[in-house]
Amino acid sequence: MAKKVLIDTDPGIDDSMAILTAFNSPELEIVGLTTVFGNSVIENCTANALRLVELARRPDVPVASGAGRPMVVDAELIAAPVHGEDGMGNTHLPAPQGQPVGMTAAEFIVKTVLENPGEITLAPLGPLTNIALALMLEPKIAGLVKEVVLMGGAATVPGNISPVAEANIFHDAHAAERVFGADWPVVMVGLDVTTRVMMTPAFFDSIFKADTPYTRLLQKMLPVYQGFHHDFYGMNGSVHTHDPSTITYLLRPDFFQTEEWPVHVETTGRCAGFTIADRARQWGDRRPARVCVGVDAVAELGLLHERLTRY
Ligand code: BDR
Ligand code: CA
């Protein structure tokens, strides 16, 4: 039976790749997309999510619009150089046909989890604001969610938005601290693995040959993302594989090596957003997260290539 997955997302160029991969994977049933600020303002992220369900020919999949700002402090939004002003690589696509559903992302998450006890995997690909708000709205969901498989954090490697913080966690560190502190199974797909999987120009050239509506969108969005990776890391057209790695984990957890570590999130000061793995359990008995620390990059890229070229 297909795994029921609710994707919380801030599309986002790599979010788009992740979402299209998920829709092309019969092992997954996408029960909804909820949107959050992050890679762009919430209005753009919601419009982009609607565009993506339409591109995937799945306009029946509900999109619920969520948080437009962090729970407590306003983190500076500096994603335009990474994902473009519109969040989709400055493609400025036509407006979507559909509308978001008439409830907030947090309400939609709670409703979906309560209606499907023990069955829903949450896959957050952006700041964790909606997930934390859902937990506050209905704490019971912690015991009813199957798993939270999130893209975010850095346990053994440096950050990307600051020397210590990964962007999704940094954009709402208070929300992330609530999510890692709750009594539910969390899998952290962080920079420890996502920066080890490089999509190269040769990988993309090969994907573009498929010439589908998916690959054509990817081809249009990509230059902004490649430009950022080159300016910041000198990657010559290659990019890290962040959000798609979360979907890979859902499909093939056996591609990843993991450790069971409690994770705490620093919420203040210049280390805000730092995900600290308490390997020796010195900070009490918080439920450990499953932290991805290694990945079979070749296997992952093979899977993504196959899924992104299907249509
Ligand atoms: C994360 O930040 C965003 O730019 C990406 O979409 C990804 O979710 C990587 O740090
Ligand atoms: Ca994202």
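What follows is a walk through this predicted model, from the overall fold down to a few helices and single residues.

Let's start with the whole chain. The chain holds 12 helices and 12 strands. Its C-alpha atoms fill a box of roughly 50 × 40 × 40 Å along the principal axes. For 311 residues, a compact globule would have a radius of gyration near 19 Å, and this chain comes in at 18 Å, so the two agree. Of those 311 residues, 58% count as buried. The contacts also reach across the sequence: take the pairs in contact that sit at least 6 residues apart, and 83% of them join residues at least 24 apart.

Now zoom in on helix H1, residues 13-23. How many of its 11 residues are buried? The count is 11 of 11, so you can call H1 mostly covered. If you want to click through them, the buried residues run Ile-13, Asp-14, Asp-15, Ser-16, Met-17, Ala-18, Ile-19, Leu-20, Thr-21, Ala-22 and Phe-23. Acidic side chains are on that list too, namely Asp-14 and Asp-15.

Two helices that pack against H1 are worth a look. Take helix H11 (residues 243-251), whose axis lies 7 Å from that of H1, at an angle of about 25°. That angle makes H1 roughly parallel to H11. On the H1 side, the residues that meet H11 are Asp-14, Asp-15, Met-17, Ala-18, Thr-21 and Ala-22, and their partners in H11 are Asp-243, Pro-244 and Ile-247. Sorted by class, this contact has five nonpolar residues, one polar and three charged.

Then there is helix H2 (residues 42-55). Here the axes are 10 Å apart and the packing angle is about 30°, and the crossing is right-handed. H1 brings Ser-16, Ile-19, Leu-20 and Phe-23 to this contact, while H2 supplies Leu-52, Val-53 and Leu-55. That gives six nonpolar residues, one polar and no charged ones. It helps to recall the geometry here: an α-helix has 3.6 residues a turn, so residues three or four places apart point the same way. With that in mind, look again at Ser-16, Ile-19, Leu-20 and Phe-23 on the H2 side of H1, and at Asp-14, Asp-15, Met-17, Ala-18, Thr-21 and Ala-22 on the H11 side.

Another helix pair sits later in the sequence. Helix H9 (residues 201-208) and helix H12 (residues 297-308) have axes that come within 9 Å and cross at roughly 25°. Again the angle makes the two roughly parallel, H9 to H12. The handedness of the H9 and H12 crossing is right-handed. Phe-203, Ser-206 and Ile-207 of H9 touch Leu-301, Leu-304, His-305 and Leu-308 of H12. Five of the contact residues are nonpolar, two are polar and none is charged.

Next, helix H4 (residues 105-115) and the strands over it. Its buried residues are Ala-105, Ala-106, Phe-108, Ile-109, Val-110, Thr-112 and Val-113. What covers them? The cover includes strand S1 (3-9), strand S2 (28-35), strand S3 (63-65), strand S4 and helix H5 (129-137).

You can see part of that cover through Leu-6, which belongs to S1. Leu-6 is buried, since its relative accessible area is 0%. Among the residues Leu-6 touches are Phe-108, Ile-109 and Thr-112, which are also among the buried residues of H4. Leu-6 touches Val-31, Gly-32 and Thr-34 as well, plus Ile-120, Thr-121, Leu-122 and Ala-123.

Thr-121 makes a handy next stop. Thr-121 lies in strand S4 (residues 120-124). Is Thr-121 buried or exposed? Thr-121 is buried, because its relative accessible area is 0%. Away from its neighbours in sequence, Thr-121 contacts Lys-3, Lys-4, Val-5 and Leu-6, along with Lys-146, Glu-147, Val-149 and Leu-250.

For a change of setting, finish at Pro-213, in helix H10 (residues 213-233). Pro-213 counts as partly exposed, because its relative accessibility is 25%. Beyond its sequence neighbours, Pro-213 touches Leu-55 and Tyr-311. Leu-55 is one of the H2 residues you met in the contact with H1.

Notes. Residues are numbered from 1 along each chain as its sequence is written. Chains are lettered from A and ligands numbered from 1 in the order in which they are written. This is a predicted model: local features need pLDDT of at least 70, side-chain atom pairs count only at pLDDT 80 or more; totals for chains, interfaces and linings use all residues. Side-chain values use heavy atoms; hydrogens and water are left out. Axes are lines fitted to C-alpha atoms, for helices over the stretch in contact, and angles run from 0 to 180 degrees between N-to-C directions. Helices (H or I, at least four residues) and strands (E, at least two) are DSSP runs, numbered from the N terminus. Angles under 35 degrees count as roughly parallel, over 145 as roughly antiparallel, 65 to 115 as roughly perpendicular and the rest as oblique. A crossing is left-handed if the near helix is turned anticlockwise from the far one by less than a right angle, and right-handed if clockwise. Contact means heavy atoms within 4.5 Å. Ala, Val, Leu, Ile, Met, Phe, Trp, Tyr, Cys and Pro count as nonpolar, Asp, Glu, Lys and Arg as charged, and the others, Gly among them, as polar. The radius of gyration is taken over C-alpha atoms; the globule rule is 2.2 Å times the number of residues to the power 0.38. Buried means under 20% relative accessible area, exposed over 50%, partly exposed in between (1.4 Å probe, protein chains only).
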